[in-house]
Amino acid sequence: MKKHTDWVLAAEFNHTSTYLATGDRNGGVVVWDAEAGQEVQAFTGHSAAITSLAWRTPDLLVSSSEDGTVKTWSVKEGQQVKSVNAHNSVLGLRLNVDGAMATCGRDKTISTWDKEGNKGKTFTITNDLPVRATLTHDGKRIIATDWTGRVYAWNVADGRELAGLSLNP
């Protein structure tokens, strides 16, 4: 597999393990046939490094980038379906089972998004850069970690911080 021109920073299988998506430091996203190892699609819409990949459905891929955008791609149609400006630089994204999304960025914020890609609540970390954020299965809580190893948990409905835990020894 020699499609990428720079380091591969993200990789994710789809729900049925038929596709493997990979993203590189140049902003390239490639979808591969998981069994044959052949390229299925290549997407070039990001202008900076890919930071995360997630599958919304077995055919819809979501990618985040240091360029600040989150893009949704249709593998079947071979094109971009949606693009949103999420942060000044997106460091990570995760989808929950209902398709709701959590993103985190260099602006030290964590944001929630509904399954249509509309922005919900935003939470701020004051300690250091967030590196990962995820919604619980029911979307009622958001959990994030920062570069120092601190873990945060918030109630999405009212924005109240529920807990903070330092895991840095």
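User: Which residues lie nearest the centre of the largest pocket, and how many residues line this pocket?

Analyst: In this predicted model, 20 residues line the largest pocket, and T51, S52, L91, V131 and R132 lie nearest its centre. Two or more lining residues come from each of β1, β5 (50–55), β9 (90–95) and β13 (130–135). The largest share, five residues, is given by β5. The space in this pocket amounts to about 350 Å³.

User: How do the residues of that lining divide into nonpolar, polar and charged?

Analyst: The lining of the largest pocket holds 13 nonpolar, two polar and five charged residues.

User: Which residues line the second largest pocket?

Analyst: Its lining consists of E12, F13, H15, A54, W55, R56, R94, L95, N96, V97 and G99. Here β1, β5 and β9 are the elements that contribute two or more residues. The division is five nonpolar, three polar and three charged, around a space of about 190 Å³.

User: What sign of phi do most residues other than glycine have?

Analyst: For most of them phi is negative. In this structure, S17 has a positive phi, near 60°, and is not a glycine. K108, also not a glycine, has a positive phi of about 65°.

User: Where does S17 lie, and where does K108 lie?

Analyst: S17 is placed in the loop between β1 (8–13) and β2 (19–24). K108 belongs to the loop between β10 (101–105) and β11 (109–113).

User: Why does S17 count as partly exposed, and why does K108?

Analyst: Partly exposed lies between the cut-offs of 20% and 50% relative accessible area. S17 counts as partly exposed because its relative accessibility is 45%. K108 is classed as partly exposed because its value is 29%.

Technical notes:
Residues are numbered from 1 along each chain as its sequence is written. This is a predicted model: local features need pLDDT of at least 70, side-chain atom pairs count only at pLDDT 80 or more; totals for chains, interfaces and linings use all residues. Side-chain values use heavy atoms; hydrogens and water are left out. Helices (H or I, at least four residues) and strands (E, at least two) are DSSP runs, numbered from the N terminus. Buried means under 20% relative accessible area, exposed over 50%, partly exposed in between (1.4 Å probe, protein chains only). On a 1 Å grid over the protein atoms alone, a cavity is a set of points where a 1.4 Å probe fits but cannot get out, and a pocket is an open set with protein on both sides within 12 Å along at least five of seven lines; lining residues have an atom within 4 Å of a point. Grid points are joined across faces, edges and corners, and a volume is the space filled by probe spheres set on the points. Ala, Val, Leu, Ile, Met, Phe, Trp, Tyr, Cys and Pro count as nonpolar, Asp, Glu, Lys and Arg as charged, and the others, Gly among them, as polar.
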